[in-house]
Amino acid sequence: MEGVSVRKIKKICVFCGANSGKDVAFVNAAFHLGEVLGKRKIDLVYGGGKLGLMGCVSTAVAQHERQVLGIIPSAFTINNLVGETCGKEIKVATMQERLVMMMELSDAFIALPGGFGTLEELFQMISWAQLNIHNKPIGVLNINGFFNGLLSFVDHAVKQEFITPRARKILISATTADELVDKLQAFRFEPDPALSKLKWSPSSSQKEKLDLKLRL
């Protein structure tokens, strides 16, 4: 990456399935991503618990003695529904509160294979970047072509002029963890000139609530 300005990334939020998926390559890639984050001294933010790929990546990061923070809705902790979080845990009331906190506490975002929840989290972060709510890099780890159809659809939406070429650059993809982290570090945000005029900030009450949870 000679000659390229590198973004400082200390914490990456990983979105992924609470299932392991059909292909063992997904599990192996989740563990490998956790190893890459650990070796690069990058901490993990994730959705909490130990199920599926979420458990794989969090376990690998913790094994490399990096901090792991699970942000989990209280409803999921009833009857130990998702298992014990590997690391520190913050409980929130709603899914939306969880996503906002993930955005605030992370420097970048990676999506591994997953279902509707993973896709929702991924596209919410992309939408918020497009609206200039944040300027943090977002990428998908395209294991064995899992995201090929999704990326093709996004490119189709560009051709149909529902997504601008500028906005398309928000979504990064790579087939290996090291390549993806390199791309996230090299990412340069290019806000839409019109949307860049929007000003967003959490209310003072939201800030106080976040500060309180981080102190606990």
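This tour visits one helix, a set of aromatic rings and a pair of crossing helices in turn. The structure is a predicted model.

**First stop: helix 2**

Select residues 52–63, which make up helix 2. The helix has twelve residues, and from its first C-alpha to its last it reaches 17 Å, close to the 16 Å expected at 1.5 Å a residue. Next, colour the helix by burial. Nine of the twelve residues are buried, so helix 2 is largely enclosed by the rest of the structure. The buried residues are G52, L53, M54, G55, C56, V57, S58, A60 and V61.

What covers these buried residues? To see the surroundings, display strand 1 (11–15), helix 1 (24–39), strand 2 (43–46), strand 3 (68–73) and helix 4 (95–105), which are included in the cover. Before leaving this region, select E65, which follows helix 2 and has a positive phi, near 60°.

**Second stop: the aromatic rings**

Show the aromatic side chains. Across the whole structure, a search finds three aromatic pairs. Begin with F15 and F109: their ring centres are 6.0 Å apart and their planes lie at 10°, so this pair is stacked. F15 belongs to strand 1 and F109 to strand 5 (residues 108–111), so the pair ties together parts that are 94 residues apart in sequence. Both F15 and F109 are buried.

Move next to F146 and F147, an edge-to-face aromatic pair with 4.9 Å from centre to centre and 85° between the planes. Is each of these two residues buried or partly exposed? F146 has 34% relative accessibility and therefore counts as partly exposed, whereas F147, at 2%, counts as buried. Now add F26 to the selection: ring pairs link F26, F146 and F147 into a cluster.

**Third stop: helix 4 and helix 5**

Return to helix 4, already displayed as part of the cover of helix 2, and add helix 5 (residues 116–130). Two packed helices are described by the angle between their axes and the distance between the axes. Here the axes of helix 4 and helix 5 come within 11 Å and cross at roughly 60°. The two helices are therefore oblique to each other, and helix 4 passes helix 5 in a right-handed crossing.

Which residues meet where these helices touch? Select Q96, R98, L99, V100 and M103 on the helix 4 side. Then select E121, Q124, M125 and W128 in helix 5, which the helix 4 residues meet.

Methods. Residues numbered from 1 in each chain as written. Predicted model: local features only at pLDDT ≥ 70, side-chain atom pairs only at ≥ 80, totals over all residues. Heavy atoms only, no water. Expected span 1.5 Å × (residues − 1). Buried < 20%, exposed > 50% of the residue type's maximum accessible area, 1.4 Å probe, protein only. Contact = heavy atoms within 4.5 Å. Phe/Tyr/Trp six-rings, centres within 6.5 Å; stacked < 30°, edge-to-face > 60°. Axes fitted to C-alpha atoms, helices over the stretch in contact; angles between N-to-C directions. Parallel < 35°, antiparallel > 145°, perpendicular 65-115°, else oblique. Left-handed = near helix turned anticlockwise from the far one by under 90°.
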